[in-house]
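Student: I have a new model open on my screen and would like to get to know it. Could we walk through it together?

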Amino acid sequence: MNRSTPWPALPGIAFGGDYNPEQWPRDVWREDVALMREAGVNLVSIGIFSWALIETSEGVFDFSWLDEIIDLLHENGVAVDLGTPTASPPAWFFAAHPEARVVNRDGVVMGFGSRGMASPSSPAYREAIARIADALAARYADHPAVVLWHVHNEYGVPVGEDHSPQSAAAFRVWLQERYGDLDALNAAWGTAFWGQHYTDWRHVGTPAAAPSTVNPAQKLDFARFTDHQLRECFIIEREAIRAHAPQPITTNMMANQSWTTDLWAWGDEMDLVSDDHYLWAADPEAHIGLAIAADLTRSVGRGAPWMLMEHSTSAVNWQPRNIAKTPGEMARNAFSHLGRGADGILFFQWRAGRSGAEKFHSAMLPHAGTRSRVWREVVDLGEKLGRLGELRGSTVRADVAMLWDFESFWAQDLDWRPSCDVDHRDLVRRYYERLWRDGLTVDFVLPGDDLSAYPLVVAPAQYLLTAADAANLDEYVARGGTLLVSFFSAVVDEHDAVHPGGFLAPLHEALGVRVEEHLPLREGETAALRWQHDGPAIELPADVWQEDLDPIGAEVIARYAEGPAAGGAAITRNAHGAGTGWYVSTRLDAAALRPVLDAVYADAGLRATGMPEGVELVTRESAEADYLIAVNHTAEPVEIPVAGEELLTGTACTGTLALAAGGVAVVRAVPARAVRARETSRPDGAALSVP
Ligand code: GLA
């Protein structure tokens, strides 16, 4: 896609949120725009759920209120990110096209009164979305307020899979295109198992509810098909808009919080990648999950600046316990996103809604009004972001690549795995957390990507690995890279069939180790291992999983001290060509991973920053300058070694920056690279530095 499109036509960092004027009378609109100016809001997303108020019956449009609000926003200096309202078709649409309703895997037809109820395979729905997108684009393409198009809302949420008759018919067409004939389908799905052999395409259906678990290859293909159907709907709308409008087009994803869409493929279709992110309140360190989401968003946009389309000023309303953000937490969240490449910081939503399902969701303007902490923090954030216009367009410098492959995650999430305790989300988080604590910035990548720019590639959970992707990883190591692979990886191919030669077979040469048997542990069971590498032996706690390993060339760096594999190899290191392949066959937490990763960093020529854990430092680079974005998630003040100008306060730092507990800072660092390379110390005295 055209990533060179300058977006949005705004000075500086975009700041604002979803705005729903249709829920309010006109006098509130006037108050809204006045308060937007006070808060420094320069962009709002409108129209996202307004289909019923724009197309009042099929083909009959009422643009009057939209004309009015877009003009009002424009007069007040607020640009518009115009939504297409296709995530919530009107009641008249479902009355006319009941077949467009989604059917879940249990055969239940999803009714009206919520949102996201339409089948992405429905011809009537596809016709209707093209019509409304076309009508909106034809009317507003030339409006000077409109700087961005916001297609739909969070594809795949709440509805992804659809088991309706029209979905089944489309699934058959998709399969015919993929496999050509039934022999190929039968082979790919392994239908000789449990007598599932097909002799007629008409007998092939969606993996709906069945007496026992459904064919995993069929389910995996259905996940691919679902993603494909949703993406086709996006493309229909995008093309309808593009026929009229020059502005960039995006759709708001849910990076690591939705698993229905293969965001790599979606990133390729958008002019600008955007993301919605909400903290998981039960996680005391939810800011690490936030960093994963931000890095993933940037990565699927292949490094281009992106937009945070939604986050919350305080609590959400849809978790079991909706915890309010603490003072300063909203700004820390916003600056983490900014540091990881966001050029726009937007919220759901501008004004808290009085009615409907989301009335307990926080907003920029809360129910309490402007005499509130949240409002004061919003105004302060707007003021701070207003000083950072020069960051726009700068890109993030990453140190390490981590594999993130939706197809593999979909496959791993299928039924009947060796242990319910093995979760790819958890494994990614553990490895990511170690890197985050060590101050190393992560780019997510696909296993088939060109990895040559990265000194280290981490594969926390690559259950599905195609032979071609394995060859790519093998070559990466042979040419001098350092690869770290965690257990239950390279188990199956693209059809969820175990690799010939056994688990891990396609990585045997890179890793120098075979996996004879998976040895999952019982619930709550722990089994330590003994690590010895460049120093005295230490015990590391581990749980969930062991493997019976057969080293075929790799050096054994740690052995199991306990458990079913006691005495056997637990962690191995293999010289392969000019590089090194590490294999970790059990689950370690971020603390236990520390000595392991320090050894891996040494092979890769990397070092941790040495900042106290919890101080987030990320660098964005432009042709003119390096920008160091610092976020202190700890309750202690810290000193950061950096020289340059702190842009939020306008003060010069000559070597160190004092960052308050919970504080944020942005330094135009000169010359940042040299300063970051300075030797610093961890609290335990180990000498560390960034290369
Ligand atoms: C999502 C949706 C919004 C809103 C928020 C609430 O991100 O896109 O419309 O429902 O969640 O957190």
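**A walk through the model**

Tutor: Happily! Val-544 is a good place to start: with a relative accessibility of 6%, it counts as buried. Please keep in mind throughout that this is a predicted model.

Student: Where is Val-544 found?

Tutor: Look for two strands, E19 (538-540) and E20 (545-551). Val-544 has a positive phi near 75 degrees although it is a residue other than glycine. Its place is in the loop between strand E19 and strand E20.

Student: Is Leu-504 buried or exposed?

Tutor: Leu-504 lies in the loop between E16 and H16, and it has a positive phi of about 70 degrees without being a glycine. A residue is called buried under 20% relative accessible area. Leu-504 has 0% relative accessibility, so it counts as buried.

Student: Which residues is Pro-506 in contact with, leaving aside its neighbours within four places in sequence?

Tutor: Pro-506 sits in the loop between strand E16 (482-486) and helix H16 (508-511). With a relative accessible area of 23%, Pro-506 is partly exposed. The C-alpha atoms of Pro-506 and Ala-468 are separated by 9.2 Å, with their positions 38 residues apart along the chain. Sequence neighbours within four places aside, the contacts of Pro-506 are Ala-470, Ala-490 and His-499.

Student: How far apart in space are Leu-385 and Gly-40, C-alpha to C-alpha?

Tutor: Begin in helix H12 (residues 373-386), where Leu-385 has its place. Leu-385 is buried at 2% relative accessibility, and its contacts beyond four places in sequence are Ile-13, Phe-15, Phe-335, Leu-338 and Ile-345. Leu-385 and Gly-40 are 345 residues apart in sequence, and their C-alpha distance is 8.7 Å.

Student: Which residue does a cis peptide bond join to Phe-348?

Tutor: The bond to look for has omega at about 0 degrees. It leads into the loop between strand E11 (342-347) and H12, where the partner of Phe-348 has its place. That partner is Gln-349.

Student: Where does Pro-158 lie?

Tutor: The peptide bond from Val-157 to Pro-158 is cis, with omega near 0 degrees. To find Pro-158, look between strand E6 (146-150) and helix H6 (165-179). Pro-158 lies in the loop between E6 and H6.

Student: How is the protein divided into domains, and how far apart do the C-alpha centres of domain 2 and domain 3 lie?

Tutor: The domain assignment gives domain 1 as 14-162 + 230-393, domain 2 as 400-604 and domain 3 as 615-675. For domain 2 and domain 3, the distance between C-alpha centres is 34 Å.

Student: Why is strand E26 described as largely enclosed by the rest of the structure?

Tutor: Strand E26 covers residues 638-646. Buried here means under 20% relative accessible area. Strand E26 is largely enclosed because, of its 9 residues, the number buried is 7.

Student: Which strands are at the edges of the open sheet of 6 strands?

Tutor: The sheet has the order E12-E24-E25-E28-E26-E27, with antiparallel pairing. An edge strand pairs on one side only, and this holds for strand E12 (395-396) and E27.

Student: How many bridges join E26 to strand E27?

Tutor: E26 and E27 (residues 651-659) run antiparallel, and Glu-639 has Ala-658 in E27 as its bridge partner. Their hairpin has 4 residues between the strands, and Gly-650 in it takes a positive phi near 75 degrees. The number of bridges joining E26 to E27 is 9.

Student: Which residue in E28 stands opposite Glu-645?

Tutor: E26 and strand E28 (residues 664-669) run antiparallel and are joined by 3 bridges. Across from Glu-645, in E28, stands Arg-668.

Student: Which helix gives the most to the lining of the largest pocket?

Tutor: The largest pocket holds about 1100 Å³ of space. Of its 39 lining residues, those closest to its centre are Gln-23, Phe-49, Arg-115, Ala-357 and Glu-358. By class, the lining has 17 nonpolar, 14 polar and 8 charged residues. The helix that gives the most, with 3 residues, is H2 (residues 51-54).

Student: What is the volume of the largest cavity?

Tutor: The whole structure has 5 cavities of 30 Å³ or more. The largest cavity is lined by 18 residues, with Gly-116, Ala-118, Tyr-125, His-152 and Val-159 nearest its centre. Its lining divides into 12 nonpolar, 5 polar and 1 charged. The volume of the largest cavity is about 140 Å³.

Notes: Residues are numbered from 1 along each chain as its sequence is written. This is a predicted model: local features need pLDDT of at least 70, side-chain atom pairs count only at pLDDT 80 or more; totals for chains, interfaces and linings use all residues. Side-chain values use heavy atoms; hydrogens and water are left out. Buried means under 20% relative accessible area, exposed over 50%, partly exposed in between (1.4 Å probe, protein chains only). Two strands pair if DSSP finds at least two bridges between them. Domain bounds come from an automatic or database domain assignment. On a 1 Å grid over the protein atoms alone, a cavity is a set of points where a 1.4 Å probe fits but cannot get out, and a pocket is an open set with protein on both sides within 12 Å along at least five of seven lines; lining residues have an atom within 4 Å of a point. Grid points are joined across faces, edges and corners, and a volume is the space filled by probe spheres set on the points. Ala, Val, Leu, Ile, Met, Phe, Trp, Tyr, Cys and Pro count as nonpolar, Asp, Glu, Lys and Arg as charged, and the others, Gly among them, as polar. Contact means heavy atoms within 4.5 Å.
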